[in-house]
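Me: I have a protein model open and want to read it step by step. Can we go through it by question and answer?

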Amino acid sequence: MLKDSWGSTYDGRPTPQSDQEKIRERVWAGESLEQAMQAVSPDSYVKQKAEFLQNVSAVYRELLLLLGEEPDSSALKGTPDRIARFWDEFIHYEPGNIGTTFDSVQHDQMVVIKDIPFFSLCAHHLLPIVGVVHVGYLAADTIIGLSKIPRIVQKHAHRLQLQEQLANDVATELMEHVPDALGVGVYIEARHFCMSMRGIRSEGSMVTSVMKGNFQQLEVKTEFFTMAGVG
Ligand SMILES: [Zn+2]
């Protein structure tokens, strides 16, 4: 038996970890839940995925019947399976590595990534939201890799969303990766199909912005809007 620095004894063997713990550890280290599940327990991952596709497909077959359609007709044969694969692709979207940061060369530098296109689905009607996001932050000592910001946007767009929530999610996650940023701004302009396909059937874009930290100050906000070409 050995003694560690706290005086506890152990037999030198690592404590066995549950799959759940292993998955949690990999997610903390930067892997997505999908990647971690696949790596830790590939068999149950494959089983869960098959079950997901089967269950979603069954629900859509039921829906087609409720809509008065014939799911086995030549046009609709395969439709429930196709929509199930769409949901799998949409909900289990893989944004890739988000966390890479670097030391900033210049203190107080505004970084703006504009016109990041996105597609999402509205949480109220499950109809598409299509638009662009402009993201800015004022870097202190840390900057985030340029491709990471669009990845953050895609990650949060790939779930049922509300535009205000999306703006907030993107701002919050960016602040988590660049905690010393002096401020963050997110500006979203999007069309909601629930406005154009139903209800008032009107075209029009909705604009939302979230300002955190010193982006709440007028001059910083104005600089962001000018750099993004909006406002
Ligand atoms: Zn809606």
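Me: In what order do the five strands of the open sheet stand?
Reply: Keep in mind that this is a predicted model. Five strands form an open sheet, and their pairing is mixed. The order is β7-β4-β5-β8-β9.

Me: Which strands stand at the edges of the sheet?
Reply: Look for strands with a single partner strand. One side of each such strand has no neighbour in the sheet, so it marks an edge. The two are β7 (160-161) and β9 (205-213).

Me: How many bridges join β5 to β8?
Reply: Strand β5 covers residues 128-139, and β8 covers residues 183-192. The two run antiparallel. Within this pair, G131 stands opposite A190 in β8. The number of bridges between the strands is 10.

Me: At about what angle to β4 does helix α8 run?
Reply: Two helices can be set against β4 (109-122) here. Helix α5 (residues 148-157) lies across β4, β5 and β7, at about 25° to β4. Helix α8 (residues 218-228) lies across β4, β5, β8 and β9. Its angle to β4 is about 70°.

Me: Why is α5 described as largely enclosed by the rest of the structure?
Reply: Count its buried residues. They are K148, I149, I152, V153, Q154, H156 and A157. They pack against β4, β5, β6 (142-144), β7 and α6 (163-177). Helix α5 is largely enclosed because its buried residues number seven of the 10.

Me: How many helices and strands does the protein have, and what is its radius of gyration?
Reply: The protein has eight helices and nine strands. For 231 residues the globule rule gives 17 Å, and the protein is well over that, so it is more spread out than a compact globule. Its radius of gyration is 23 Å.

Me: What box do the C-alpha atoms fill?
Reply: Take the box along the principal axes. The C-alpha atoms fill roughly 70 × 60 × 20 Å.

Me: What share of the residues of the protein count as buried?
Reply: A residue is buried if 20 or more other C-beta atoms lie within 10 Å of its own. Apply that to the 231 residues of the protein. The share that count as buried is 22%.

Me: What distance separates the centres of domain 1 and domain 2?
Reply: Domain 1 spans 3-91, and domain 2 spans 101-228. Their centres are taken over C-alpha atoms. The separation is 28 Å.

Definitions and conventions. Residues numbered from 1 in each chain as written. Predicted model: local features only at pLDDT ≥ 70, side-chain atom pairs only at ≥ 80, totals over all residues. Pairing = 2+ DSSP bridges. Helix = DSSP H or I, 4+ residues; strand = E, 2+ residues; numbered from the N terminus. Contact = placed C-beta atoms within 7 Å. Axes fitted to C-alpha atoms, helices over the stretch in contact; angles between N-to-C directions. Buried ≥ 20, exposed ≤ 12 C-beta atoms within 10 Å, placed from the backbone. Rg over C-alpha atoms; globule rule 2.2 N^0.38 Å. Domains from an automatic or database assignment.
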